[in-house]
Amino acid sequence: WGGLGKEHFALVHERDIHTPGWPMTITRVSYGTDHNDLPKFLQSLAPPALPVSTSAPDSAKSIESIIPNPPTAGRLNEIARVVSAALDRRPCIIIGAPGMGKSTVAVAVAYEPQIIARFGKRRVFVSLENRSDPLDLFILLASEMGLAAEPTHNSTLAAIRHAWGLAPAFAILDNAEGLIEANEAETSRLLGLLRDTPGLSFAVTSREGLPGLP
């Protein structure tokens, strides 16, 4: 017991409350008269969980307010593959030369009935065109989510994870080739952090491929 320094607490059986030999720095707290009472006691200490319906990030700038559902022809297979990936939370990248319809496919995915049913209005479009700093991924994504500006990139990622940990969301990261060309390793690392964000599904469009994204 030496060197504890600060006050500590010990959860003990009711009959052990007055057992001698405990140091003055430890306060004994009874969890009940039976060992099986301990789990219930620990659960009673937890704060009540907030209902998802009252905590969901409804401030996201839905793609519906930015880009209409585009007409598509001959791309049903590609759209279906991206939809499947999004529903399974598998990030994917849509690659092609300029004018090939990468963004059209991604936006069409956001309007698919299965995607709307899963994510509701939490479907956002993040334009990365003419961007070369991979950290803009976090800043622009947070902005489209309607989150307040954070002082650091770590706190921005934490805010993203908190918001979309409460309710699932789908993001299109459009025209990411500038980030990949500027720093492929860092772009890949940051996308990996987003991939590990609970509730977040995303698709990337780019003229350049990226290892790790099918």
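The following questions and answers cover confidence, sheet order and helix packing in a predicted model.

Me: What is the mean pLDDT of the chain?
Reply: Residues are numbered from 1 along each chain as its sequence is written, and side-chain values use heavy atoms, with hydrogens and water left out. In this predicted model local features need pLDDT of at least 70 and side-chain atom pairs count only at pLDDT 80 or more, whereas totals for chains, interfaces and linings use all residues. pLDDT is the predictor's confidence in each residue, from 0 to 100. Here 92% of the residues reach 70 or more, and the chain mean is 89.

Me: Over which residues does pLDDT stay under 50?
Reply: The stretch has 9 contacts (heavy atoms within 4.5 Å) beyond four places in sequence in the model. It covers residues 50-57.

Me: Which strands stand at the edges of the open sheet?
Reply: Strands (E, at least two residues) and helices (H or I, at least four) are DSSP runs, numbered from the N terminus. Two strands pair if DSSP finds at least two bridges between them, and the 4 strands here pair in parallel in the order β3-β6-β5-β4. Each edge strand has a single partner, so one side of each is left without a neighbour in the sheet; these are β3 (92-95) and β4 (123-127).

Me: Which residue of β6 stands opposite I95?
Reply: β3 pairs with β6 (residues 200-206) in the parallel sense over 4 bridges. Opposite I95 in β6 stands S206.

Me: How are α3 and α4 oriented to each other?
Reply: Axes are lines fitted to C-alpha atoms, for helices over the stretch in contact, and angles run from 0 to 180 degrees between N-to-C directions. Helices α3 (residues 76-87) and α4 (residues 102-110) pack at about 55 degrees, with axes 9 Å apart. Angles under 35 degrees count as roughly parallel, over 145 as roughly antiparallel, 65 to 115 as roughly perpendicular and the rest as oblique. The two helices are therefore oblique.

Me: Which residues of α4 meet α3?
Reply: From α3 the contact takes E78, I79, V82 and V83. The α4 residues are V105, A108 and V109.

Me: Which residues of α9 make the contact with α6?
Reply: Helix α6 (residues 136-144) lies across β4, β5 (169-174) and β6, while α9 (residues 184-195) packs on the sheet, touching β5 and β6. α6 and α9 pack at about 40 degrees, with axes 10 Å apart, which makes α6 oblique to α9. From α6 come L137, F138 and L141; from α9, T187, L190, L191, L193 and L194.
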